[in-house]
Amino acid sequence: MKSNFYTIGMAGHVDHGKTMLTKALTNVDTDRLKEEKERRISIEPGYALLPLGEYQTWIVDVPGHEKFIRQMIAGVAGIDLVILVIAADEGVMPQTKEHISILSFLGIKHGIIAISKVDKVEKDFLELIIEDIKESIKNTFFEYSDIVFVNSLTGNGLTKLKNKIKSILSMISPRQSEDGFRLPIDQVFTIHGYGTIVRGTIYEGIVSKGELVRLLPHDKPVQAKQLQVHNQERNEAVAGQRVAINIKGITKDVIKRGDVLVGYSNEIPTSYTIDVLLTTVEKMSCSLKQRAQIKFYSGTAEINGKIIFFDRNEVKSGEEVLCQIRLDKPVVVKRNDRYLIRRPSPIETIGGGWIINPLGAKYKFGEETIHRLEQMKIGDQEEQIIHIIKEQLIVTKYELLHLTGRSKESLEKSLDVLLKNSKLLELELDWYTLREIYQEAERQIFDQLRSFHKINPLRKGLNKAQFLHNKLSQKLIEKVIIYEVEKKLLIRDNQYIFLPDFKPYVPLQWKPTVDKVIDALRTDELHVKPFEEYLLAKRIPIELISDIHHYFLSSQIALPLDDKHIILNEVFDHTVRKLYTQTRGREFDIKEAKEVLDIKRKKLILFLELLDRKKITRRVGEKRKWVFKFNI
């Protein structure tokens, strides 16, 4: 579903007639604040509905005064078309140029130039103003824009301006409603009897009345209790519409301009570190130094941070550079989102561009990092996915959504392509690695197991935690083992992993000696000594003691009484049957058991606790009941 809802920005230098033109077009005075009326300047962005037949259009009247650039940036976030208002009696002014620069960095591509106050100048002077305007808009997206003369008081030129707007909107693709819902918040307030209200222009998707959504970066679930579009209640609002949402589940104090409402299951990154392509303005007061403090703007957010370069220590005017921005607070952005940065002192716009990776990390200074960022910048989505997995080795779909910044639908199409051409493997639901990475991990695991079995024939297998990972990640090892076990190419028994054709065995040179140890254990029954003493008595090397102990237990030759003592399985079975027969399967206490088995109390207690662990008996007070029944 595509919407025909658009947002038009009304930009320009202070007192050039933006608010008057907005009122002339919409019959709405967007200067609603008392201070705005007293000072006769716009301080906060004002919004007014401009119906144009099939196009439902909002006009955003953004502040022009240099002190309110922050509000201006928030106002133009998400606009589709901009009307640049230039007063005929003053022409191009500093804020005019800054607005053009800001609009360019924010990715605005469509514009109209409206020359206001034409009644205040002579025709010859007007021609000079037009030449000045054409010179000022060279090499900007305004270069080939239509110029319309308007008089907000008489109405002259308004019909022509509306027709120009409709003509341009007919060529602009509406915002996508198929993507997940995203609404950058530009206003938050309360209304008695209703509670918290937020306003903004929907970037993407659809929101429905009563729907559960999330507030980012707080990650708080809230309910869209009621929706209003142009002061009318609606059951849903779609991309491109300006909407007021009565939200339930959070107070006004928690929310601020720059926060974002998203669909409850919409996976949008929240990050302190972003990788970007930065283009600086043509004229800065001074170069931008490494780690310089900046103010970052994207959507309706304004956050302090610093700039990080990887191939230089400063950037001059008019340069393009791949770099990183590290923020003091988290921001909610996606790949391809536009941004702007300004210098806090001296206050000026530095530049802007687009976000390559919304979840950047700390990288080393050098060409290797620049190459990495270049690949992320120019690669198509399949190449980008491959590049990410080569670095991460194994990723989830959720991580790919964050790292690529793509929509869920777009990502899934690319994953399908890579799965079909066998470059990608899905190890389990939504876990992915490259086939070449999987094959290398598989080779290392099998080589390591073969080597382990050869060197440690007495051991059942490798504990999963013992695998040497080299450059492979723990998570990849785990997933590959699970996958190979499912294919029955590996066997897993509790914590042990081993090859299907392997069984622990005693090396030939030690088999006669081990058989003698078994005979000694059989003779001693429950009166066993510490296991180590049996082995040392037979001159078995001390370095083999642990392996033989493991072999006896893992091969079920013996059972542990405690850390030092073991008894043969056959002795255990014989003793259990003897005790069961003598007690006639009835409950018994320690005294009765001692009379039957005639062993020291300490060994007896260890034996009885072993019965409990194996769920043959259950202790009830001072007695034990038989859980397992034997045939007498």
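Student: In what order do the 6 strands of the barrel follow one another?

Tutor: In this predicted model, local features need pLDDT of at least 70 and side-chain atom pairs pLDDT 80 or more, while totals for chains, interfaces and linings use all residues. Residues are numbered from 1 along each chain as its sequence is written, and side-chain values use heavy atoms, without hydrogens or water. Strands (DSSP E runs of at least two residues) and helices (H or I, at least four) are numbered from the N terminus, and two strands pair if DSSP finds at least two bridges between them. The pairing in the barrel is antiparallel, and the order is β17-β22-β20-β19-β23-β24.

Student: What is the average twist from one strand of the barrel to the next?

Tutor: Axes are lines fitted to C-alpha atoms, for helices over the stretch in contact, and angles run from 0 to 180 degrees between N-to-C directions. From each strand to the next, the twist averages 45 degrees.

Student: With which strand of the sheet does the direction of helix α7 make about 80 degrees?

Tutor: Helix α7 (residues 367-378) packs on the sheet and touches β17 (270-280), β22 (320-332) and β24, where contact means heavy atoms within 4.5 Å. The strand that makes the angle of about 80 degrees with α7 is β22.

Student: Which residue in β24 is the bridge partner of P344?

Tutor: Strands β23 (residues 338-344) and β24 (residues 347-357) run antiparallel and are joined by 7 bridges. The partner of P344 in β24 is I347.

Student: How many residues of strand β15 are buried?

Tutor: Strand β15 (residues 242-248) is joined antiparallel to β9 (residues 195-201) by 6 bridges and to β12 (residues 220-229) by 5. I245 of β15 stands opposite V198, whereas I247 stands opposite A224. Buried means under 20% relative accessible area with a 1.4 Å probe, protein chains only. Of the 7 residues in β15, the number buried is 6.

Student: Why does the span of helix α8 agree with expectation?

Tutor: The expected span is 1.5 Å times one less than the number of residues. Helix α8 (residues 381-392) has 12 residues and should therefore span 16 Å, and its end C-alpha atoms are indeed apart by 16 Å.

Student: Which helix supplies the largest share of the largest nonpolar core?

Tutor: A nonpolar core is a set of buried Ala, Val, Leu, Ile, Met, Phe, Trp, Tyr and Cys residues joined through side-chain atoms within 4.5 Å. Of its 41 residues, L521, F552, F572 and F607 touch the most other members. Elements that each supply at least two residues include α13 (511-524), α15 (542-554) and α16 (569-583). The largest share, 6 residues, comes from α18.

Terms used: Buried < 20%, exposed > 50% of the residue type's maximum accessible area, 1.4 Å probe, protein only.
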